[in-house]
Amino acid sequence: MKSHSKRTFIKTGLASALSVTGLLPFFSSAYASKANSPMKITPLIDALRSTNKPVCNKAAIKLLSLPDNLANYDLHLRSADLSTEEIQRIADAIKAVHAANGPALQSFSMSYNANLKDGGVLNLVQTLPATLTEIGLVGCGIGDAGGEALMKWATEAPKLHWLCVEQNPFSEATKHRFYKFGQARSGLLVVV
């Protein structure tokens, strides 16, 4: 009980001292703005949570624990069993974070999400920012149309240095184009 009284006394004394010196309003408003300022990554956290999938919930918790002033982030959703609609919601949220000048997405993986397919890749390439340095889409059922769209997107992603797309049903011609693309671009490793 004595310690509780001391704690109350200290808090009361500190509040009195701050209000006397005029600093209480400053500290109160600074704390309130920090507590009420929405994180620019919130749309992505919400989209991940909306899936109700363990992999996405874990990723949302990781993003939620990041500091507000973080310059970049990674998003790895391997084997998340995402539906086409969930993939679209996540893609739209990534685009919203980028449009709000939020942290830059650096490493991204949706490997082993069988529902990604060509349609998912066509949607992703419209939303993924050029800030990516690594992308993994292994075993996602991506065919030639998705492969071509991904290579076209990658030509405009200057920081990309790792593109991993093996175990997808590409034709030999598309696989060959991936190999050539990797050879033609210095500093880019393409695994197909």
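1. Glu148 has a relative accessibility of 30% in this predicted model, and because that value falls between the limits of 20% for buried and 50% for exposed, Glu148 counts as partly exposed. The residue that pairs with Glu148 is Arg177, and the closest N and O atoms of this salt bridge are 2.5 Å apart. Arg177 also counts as partly exposed, at a relative accessibility of 39%.

2. As for where these two residues sit, Glu148 belongs to helix H7, which covers residues 144-155, while Arg177 belongs to helix H8, which covers residues 172-184, so the salt bridge ties together parts of the chain that are 29 residues apart in sequence.

3. Helix H8 also holds a pair of its own, since Lys175 and Glu172 both lie in it, 3 residues apart, or about one turn of the helix. In general, an α-helix has 3.6 residues a turn, so residues three or four places apart point the same way. The side chains of Lys175 and Glu172 meet in a salt bridge with an N to O distance of 3.7 Å. Lys175 is partly exposed, with a relative accessible area of 24%, whereas Glu172 is exposed, with a relative accessible area of 61%.

4. A further salt bridge joins Lys53 to Glu86, with the closest N and O atoms 2.8 Å apart. Lys53 is found in the loop between helix H3 (42-50) and helix H4 (54-64), and Glu86 is found in helix H5 (residues 84-99), so this pair ties together parts that are 33 residues apart in sequence. Both Lys53 and Glu86 are buried. The count of salt bridges in the model comes to 3.

5. Helix H3, which comes before the loop that holds Lys53, deserves a point of its own. Its residues Leu44, Ile45, Ala47 and Leu48 are buried. When the helix is viewed down its axis, the buried residues of H3 fall within an arc of 165°, so they line one face of the helix.

6. Which elements cover the buried residues of H3? Among the parts that do so are H4, strand S1 (72-76) and H5. Of these, H5 is also the helix in which Glu86, the partner of Lys53, lies.

7. One backbone detail is worth checking in the structure: just after H3, Asn52 takes a positive phi of about 60°.

Terms used
Residues numbered from 1 in each chain as written. Predicted model: local features only at pLDDT ≥ 70, side-chain atom pairs only at ≥ 80, totals over all residues. Heavy atoms only, no water. Salt bridge = Lys/Arg side-chain N within 4 Å of Asp/Glu carboxyl O. Helix = DSSP H or I, 4+ residues; strand = E, 2+ residues; numbered from the N terminus. Buried < 20%, exposed > 50% of the residue type's maximum accessible area, 1.4 Å probe, protein only. Arc of directions from axis to C-beta. Contact = heavy atoms within 4.5 Å.
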